[in-house]
Amino acid sequence: MTRECAVLLPGVCAALADPRQPGLDDTCLEKLLDWFRSLTWFDPTVELVQDNPCLTELFTSVLALPEPSPSILSFTLQLAGILASSETRFQHLQEEKLLGRLFGREGPRGGAAWEEASVRSAWVKGVHSMVHHQPALHFLCTTGGMDVIFALQGDPSLFVASAASQLLVHVLTFSLEPEISKPLSTKDCDWPACAQMIIKHIEESLQSSSASHIEQSLKLLTSLFGSCFGSCYAVWTELLWLDIAKQIESFLLEETIQAQHVLPNLLLNVARSPVFCGTEGSFWALVTSALEHLTPMQAGPLAVGLLKLCKCPQDVRIQALTVLLQPMDCILRAASQPLEYAGLLDESVSDPATVESLLSSKISCAGLLCQTLAHLEKLLSLKHLRVDLPCMSLLRSLMTILQFCNGFLSPASPLGSTISRNLINCFRVQKSALDVLAALSEKKGCDTLIGSLFDVLLAYLQSPNTSPTVLKKTFQATSKWLVHLQELSCSNSQWQQTEKILKDVFLVLQKRLCSPCWEVRDSSLEFLTAMAKCLGDLKEFRQSLLSSEVLRLTGNLLEDPESYVRASAVTAVGHLAFLTYCAPESPVTGNPYNTENTVAKLQEILSTDSEGFPRRAVISIFTKWLREGCTGQLEDTEQFVSRVIQTVEHDLDWEVRLGGLELVEVFCNQRICQLSQCPYAPVSSAGSSSTSQNELLQVFCRAKLFSFLFWSLCDCDKPVGQRACDVLIGLRGHFYPMSPLENPQEIEDSPAGRGIAWLQRTLRQGSLAQNFPTDGGGGVDFQDPESMMLALGAIDLLELHDELNKSSDHVEESPQSLLQDILATMGTIEDNEVDCY
């Protein structure tokens, strides 16, 4: 603790304990606790308490109050726990007879203050902080603290109940620490006293008739097996499981137990323990029983968790997959009668009638399918899935669900008719099914169904009943499958099928681009952009694009009344322009727009659009064009960059200004690359290097890059200043590869040197330099190569970089400032100016 803080602390403690003072903001109290945590973290000595007797005086004063405020009492409990986290400070507070009055029977846990959830929560947090040494553990067990924690597991406040459960996990693992180094087996190990109390409490709760007590203990066990307890304490993990396994098995078989929904997470956490990695043993038999006896809604999370495990036995893994596929199998079998296609499964894990019953219910049908589809999407996203998915049947089942949802399938079976009625226009199921459909596009073995699949997708794209959110998902799935179709066409020469599908897609897109709903227009433009990115090299795509009205309609949407749509239109136009104007061998026949019109329109949007989204999109597209070498075909690149940065220099949107800096960085990279092998490479020796230096400096000065970069250093938005500084440091690394900084004293005598000195002083003001002149003000000519070379060499950009990267609150949030603010807020000092941070 600094001397300044030590001087302020007594006043703060006195103010906190004074009931006449107004209450302090909880944020300040939390910051004060954070400060004490940092003080005690690396220093376990007693000096902090001995050298600052005001701390123990604070505890005594608060305990003496007849009715302390809940916030101050909560603060006191947490602070006492933090200070007592080291054994020496704990003993000192014990000698002062304070810990018993705070955390023991005579403390607040028996009074009216205990009715406040914040006080109970603070008591738990204080104990959690304190129990990091054996004397604190002994104190907790001998003062009735364990019974309090057991009771708080069922606290009406979820925050208190959760904190109590976490504390029990901590106490159990900490009490076992002395036993870790001993070579033990499950036959000769005994639980330490404190751990024994917790285990006994768990066993009694599991055998009680109270559903809430059973659930609390199951949740506690879940946390225990999920903590480091499971991986670091192998013998104790096995011993604990042996103690409870029979009881868990009985819960699976007794339908009257209401806590079965907690069992999947418990079993998964146990399965992740190294103790149960082997394929033998009763544990995996219990898991198999759980997959069979839990309801489909409960078994689903267990099944997907097991499939993600590396060391799950193969037979259990197959059974878990069967559980997940059962609803999809039921859908497929219900779609036709007699059965037209084979289902997904040869046999079921549990009674198929259970799944059929859930799908037949209007209430549970959508919930079961959405959960199943979410799990399948997770599995499809895994790089290494250790079971084979029946992709063809799964795809057929997804198509069936989507057809049920839009009413395009009339099943003959009674079950299918019921499911179809339950799913009609069910947006939740449609979105989930389309997500899985998109993920399935990356799997092999679905090629024979691709024609039927696009029929389903096009039906959704064409239907007026498709909601905007479902349409967006449909576009995303269509985009993924079009990429798959492209790969398939390349290998199988199925060009005619590709050409027909693309023609149909563009016909739908034309209609959707004219939709009265802005979300639909926006999704359509995003889809068009995605296609341009993925299929731009495909001849059929470019032919379909140019033979449709899509280019014209997209250009029209640059003037859409909705800013989101204008931004998406900018992005789409930018990508399409790259294909039609810049890509090699691009067919431009029939293109209604020329390059000048497109560039002029986007520059107009950049300079005049009232919303930030379209302007951000324009600067992003211009940067893309520049990076990919497109601007050279549009106009002179130097003039292009210069005009763009002069437009964005004073844009009110900081992201647009940041985009301008990215454009400048790309331009600098490219120009330097023309003279060397890599960006910002050091220049070669004197003869040729001076020419190339001068040439580069002249280009950068003519384009007015330096005025933009130096002005950006003083931007009121820090990310802009940071990026500008990075670019300037990169440039200096090129022009001054080995040389130290110029001496400002030596250059200040020249007119240019005086200007550079002024520039250095101005840059140190940062964003306070509100009206930074970029037109020669202060004697700096930003278009003079010699002056800019001097500026790069003389200005300490690394110092500026450090300043820009400092947190804006590095002074205001110091402990000294915090203590001053507390005193000012509570009116105990005359100067009542409080930092705003």
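1. Lys704 counts as partly exposed, because its relative accessibility of 29% falls between the limits for buried and exposed residues, 20% and 50%. In this predicted model, Lys704 sits in the loop between helix H37 (686-702) and helix H38 (705-713), and its phi is positive, at about 60°, although the residue is not a glycine.

2. A positive phi is also found at Lys97, a residue other than glycine, where the angle is near 55°. Lys97 belongs to the loop between helix H6 (87-95) and helix H7 (99-103), and it counts as exposed, with 63% relative accessibility. A reader checking the backbone may wish to view Lys97 and Lys704 together.

3. As to the overall architecture, the chain has 44 helices and 0 strands, and 54% of its 837 residues count as buried. Where contacts join residues at least 6 apart in sequence, 71% of them link residues at least 24 apart. The exposed surface of the chain comes to about 37,800 Å², of which carbon and sulfur atoms supply 51%.

4. Searching the whole structure for cavities of 30 Å³ or more gives 2, and the second largest of them has a volume of about 40 Å³. Its lining is made up of Pro296, Gly300, Val323, Leu324, Pro327, Leu368 and Thr372, which divide into 5 nonpolar residues, 2 polar ones and no charged ones. Helix H18 (296-308), H19 and helix H21 (362-381) each supply at least two of the lining residues, and H19 gives the most, with 3.

5. Helix H19 also borders the loop that holds Asp351, since this residue is found between helix H19 (314-334) and helix H20 (352-360). Asp351 counts as partly exposed, at 47% relative accessibility. Its C-alpha atom is separated by 9.9 Å from that of Gln326, a residue 25 places away along the chain.

6. Which residues of helix H29 are buried? The helix, which spans residues 539-546, is mostly covered, with 6 of its 8 residues buried, and these are Glu540, Phe541, Arg542, Ser544, Leu545 and Leu546. The list therefore includes Glu540 and Arg542, which count as charged, beside Phe541, Leu545 and Leu546, which count as nonpolar.

7. Ser523 lies in helix H28 (residues 518-535) and is buried, because its relative accessible area of 6% is under the 20% limit. When residues up to four places away in sequence are not counted, Ser523 touches Lys472 and Phe475.

8. Among the aromatic residues, a search of the whole structure finds 16 pairs. In one of them, the rings of Trp41 and Phe42 have their centres 6.4 Å apart and their planes at 85°, and the pair is therefore edge-to-face, for which the planes must be over 60 degrees apart. Both partners are exposed: Trp41 has a relative accessibility of 66%, and Phe42 has a relative accessible area of 72%. Elsewhere in the chain, Phe225, Trp241, Phe283 and Trp284 form one aromatic cluster.

Note on methods. Residues are numbered from 1 along each chain as its sequence is written. This is a predicted model: local features need pLDDT of at least 70, side-chain atom pairs count only at pLDDT 80 or more; totals for chains, interfaces and linings use all residues. Side-chain values use heavy atoms; hydrogens and water are left out. Helices (H or I, at least four residues) and strands (E, at least two) are DSSP runs, numbered from the N terminus. Buried means under 20% relative accessible area, exposed over 50%, partly exposed in between (1.4 Å probe, protein chains only). Contact means heavy atoms within 4.5 Å. Accessible areas come from the Shrake-Rupley method with a 1.4 Å probe; for residues, only the protein chains shown count as cover. On a 1 Å grid over the protein atoms alone, a cavity is a set of points where a 1.4 Å probe fits but cannot get out, and a pocket is an open set with protein on both sides within 12 Å along at least five of seven lines; lining residues have an atom within 4 Å of a point. Grid points are joined across faces, edges and corners, and a volume is the space filled by probe spheres set on the points. Rings of Phe, Tyr and Trp (its six-membered ring) pair if their centres lie within 6.5 Å; planes under 30 degrees apart count as stacked, over 60 as edge-to-face and the rest as tilted.
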